Amino acid sequence: MLTVKDVLSLEIMGSARVRSGKGVVNERCVQWISVIEMPVENFVRKNEFVLSTAIGCGDDTDTLKQFVQDIIDSNASALVLALGRHVFSIPKEVLQLAERQNFIIIELPWEVRFANVIHDVMQQLNGLHYKELEQSERTQQQLLKLILQGAELNQIARFVQENVECPVVITDHAGKIKGKSQHAHPAIKEWKDPLTSGKIVLANTSLFSNDPMFQKIKKVEMAETTLLQLPIMKPPRDVQGYLYALLPAKTSVETFLTQERVNVLEHAVTTAALWFSKENAIEDTEMRLRSDFILELATGEFSSGNHAKSRAKSLGMNLNVPYIGIVGFPENLRALFQKRNEDVNSYDHWHENMIHYIEEEIEFAVQSLNREVMVSSQEGHIIIFLETRADKKGENVNDLLDLIERRLRHLLPEVAISWGIGNYHEGLNGFRKSYENAKVALEIGRRQKGRGRRVMYEDTRIDRLLLSLADNADIKEIVESTIKPLIEYDGQGSMDLIETFISYNRNHGNVSQTARCLNLHRQSLLYRLRKIESLTGLSLIDPDNLFLLDLSIKIWNIGNAEKRKVLE
């Protein structure tokens with residue numbers, strides 16, 4: 001860093017005389033040099049070494065004072081006034097003004113040419129910039145070498161500490177430590193996420209305000225520790241993590257953040273971003289391999305048990321324990337997307353992220369159960385194989401689903417998930433059978449019980465029987481001819497005869513109890529029952545007729561439930 005003192009030591013400045021601010025010449029940084037005359041306006045930059053003849057001020061002390069004040073307000077490093085033509089001496093009032101504000105004013109004889117001063121100062125600045133560039137490139141190469149050698153974030157943090165002279169911590173976006181420098185620090189030993197436990201303010205300093213990297217730095221106050229926080233980004237604007245520099249005690253941001261340290265921190269953030277990207281790519285690849293393997297188990301694509309077990313071992317999975325298949329379906333993601341009006345490229349991208357998020361929550365939830373679990377997804381469905389015990393499979397599944405739903409209610413309270421739970425089947429082919437069981441249970445549950453319910457395959461025997469009957473052409477013809485008059489009559493909207501019969505049959509033909517359930521007068525119910533008999537030609541006191549009507553309505557209901565739910 002070039003200071004005003006360094007400039008004054010140049011041969012060209014041998015005849016210069018410091019008239020104010022002598023105590024800060026070694027502190028004021030010089031980044032630029034220029035010649036300026038009235039008016040100043042916004043033509044002077046921060047840390048600029050300003051040369052002037054003060055033309056236009058002449059003997060007007062007030063005008064010269066205002067000119068000097070404008071230079072001070074621009075945060076210039078110093079003002080050099082050439083005396084001998086327009087200003088012959090600097091008034092005492094101007095020097096007092098500068099002294100009060102610790103601003104440096106330097107006298108320079110008229111004979112010294114500004115062009116020579118600018119040439120010599122620029123040589124110094126260019127030399128420093130060249131050295132900084134060389135050092136910056138060396139730092140960048142060393143950090144990239146660490147990445148290529150497969151270094152962990154701990155090694156990167158130690159390298160940064162050696163170059164910025166303070167402890168360094170690297171975290172993920174949630175504040176969890178992923179790497180730290182070698183030397184212990186009280187704040188590291190009892191680390192708490194600064195994003196939630198610290199006070200974050202913009203790091204305010206007089207240095208390098210034009211540096212884009214510096215604009216990203218924030219200061220975090222935590223107990224007795226001050227940290228500088230730099231975001232670790234990935235395209236386009238996502239935060240992968242943070243780099244924290246823990247400032248030494250009683251060290252200000254202004255003192256700590258030299259250009260050299262800013263350069264090191266900038267390269268460290270870029271290197272950490274590469275590390276995160278590499279780790280994410282590895283995790284994504286492993287996740288895809290695991291997901292593909294689980295789908296192959298579910299579809300029964302493995303012909304050899306040894307092959308499957310070999311693949312499972314390479315992916316860190318255990319096929320030597322019993323598993324039960326579970327299939328979930330998030331029902332209202334599209335409605336939630338439209339409600340939130342998410343700023344993403346497409347619903348498909350958002351939907352994929354949400355499914356992945358739900359998978360992660362399932363992985364977290366199952367950790368507390370001390371059970372093996374395999375999770376994947378296909379076409380918007382969540383596929384789970386959960387380790388179970390033959391005598392307590394229902395208990396295990398419900399424990400898991402309870403945990404999942406508790407987590408999701410807290411994090412995604414508006415998401416409703418329907419679940420189908422398969423039976424346990426032995427052997428490698430048992431994965432496919434259990435998965436298919438779960439799919440059937442899921443679809444029956446969505447049709448018959450509504451969305452957001454859990455249904456076990458073993459509880460769907462009657463529904464599966466009815467579904468198989470509904471697919472038979474002869475049965476369809478009988479069902480349609482039996483209840484078609486009721487459907488057409490109900491379609492006119494005068495009264496719901498089908499629901500009336502269902503309630504009547506559920507109450508075992510008890511007219512009074514049925515009337516109370518339907519909130520009808522007894523005579524109104526009797527009229528409806530006679531209407532059912534007249535439309536169908538069936539007697540409600542004939543057990544065979546009653547059975548035929550009841551079975552026909554149940555088969556019609558299960559075959560048309562999905563269509564009715566879409567209309568709803």
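**Exercise 1. Which strand pairs with strand 6 in the antiparallel sense over five bridges, and what else surrounds strand 6?**

Start with the pairing: strand 6 runs antiparallel to strand 11 (residues 238-246), with five bridges between the two. Keep in mind that this is a predicted model.

Step 1. Pin down the register. Val168 of strand 6 sits opposite Ala245 in strand 11.

Step 2. Look for another neighbour. Strand 7 (residues 177-180) is joined to strand 6 by three bridges, again antiparallel. Here Thr171 stands opposite Ile177.

Step 3. Check the link between strands 6 and 7. They make a hairpin with four residues in between, and Gly175 in that turn has a positive phi of about 95°.

Step 4. Now go through the faces. Val168, Ile170 and Asp172 point to one side, Val169 and Thr171 to the other, and all of them are buried. That makes five of the five residues of strand 6 (residues 168-172), so the strand is largely enclosed by the rest of the structure.

**Exercise 2. Work out the strand order of the open five-stranded sheet, then find which helices pack on it.**

Step 1. Trace the order: 13-14-12-15-16, with mixed pairing.

Step 2. Find the edges. Strand 13 (373-378) and strand 16 (454-456) each pair on one side only. From one strand to the next, the twist averages 20°.

Step 3. Zoom in on one edge. Strand 15 (residues 417-421) pairs with strand 16 in the parallel sense, over three bridges. Ile421 is opposite Met456 there.

Step 4. Add the helices. Helix 10 (residues 259-299) packs on the sheet and touches strand 13 and strand 14 (381-387); its direction makes about 85° with that of strand 13. Helix 15 also packs on the sheet, touching strands 12, 13, 14, 15 and 16. The angle between helix 15 and strand 12 (323-330) is about 35°.

**Exercise 3. How many salt bridges does the model have, and what do some of them connect?**

Step 1. Get the count. With a cut-off of 4 Å between a Lys or Arg side-chain nitrogen and an Asp or Glu carboxyl oxygen, you end up with twelve salt bridges.

Step 2. Take Glu107 and Arg17, whose side chains meet at 3.8 Å, N to O. Glu107 belongs to strand 5 (residues 104-109) and Arg17 to strand 1 (residues 17-20), so this pair ties together parts that are 90 residues apart in sequence. Glu107 is buried, at 12% relative accessible area.

Step 3. Compare a pair inside one helix. Arg432 and Glu436 have their closest N and O atoms 3.2 Å apart. Both lie in helix 15 (residues 429-448), four residues apart, about one turn of the helix. Arg432 is partly exposed at 22%, and Glu436 is partly exposed at 36%.

Step 4. Look for shared partners. Arg17, Arg19 and Glu107 are joined into one network by their salt bridges.

Step 5. Try Arg45 and Glu48, with closest N and O atoms 3.4 Å apart. Arg45 is partly exposed at 40% relative accessible area, while Glu48 is buried at 2%.

**Exercise 4. What percentage of the protein's residues count as buried, and what does the whole chain add up to?**

Step 1. Of 568 residues, 45% count as buried.

Step 2. Tally the elements: 21 helices and 16 strands.

Step 3. Turn to the surface. About 30800 Å² is exposed, and carbon and sulfur atoms supply 47% of it.

Step 4. Finish with contacts. Among those with a separation of 6 or more, 63% come from residues 24 or more positions apart.

Methods: Residues numbered from 1 in each chain as written. Predicted model: local features only at pLDDT ≥ 70, side-chain atom pairs only at ≥ 80, totals over all residues. Heavy atoms only, no water. Buried < 20%, exposed > 50% of the residue type's maximum accessible area, 1.4 Å probe, protein only. Contact = heavy atoms within 4.5 Å. Areas by Shrake-Rupley, 256 points an atom, 1.4 Å probe, with all protein chains shown as cover. Pairing = 2+ DSSP bridges. Axes fitted to C-alpha atoms, helices over the stretch in contact; angles between N-to-C directions.
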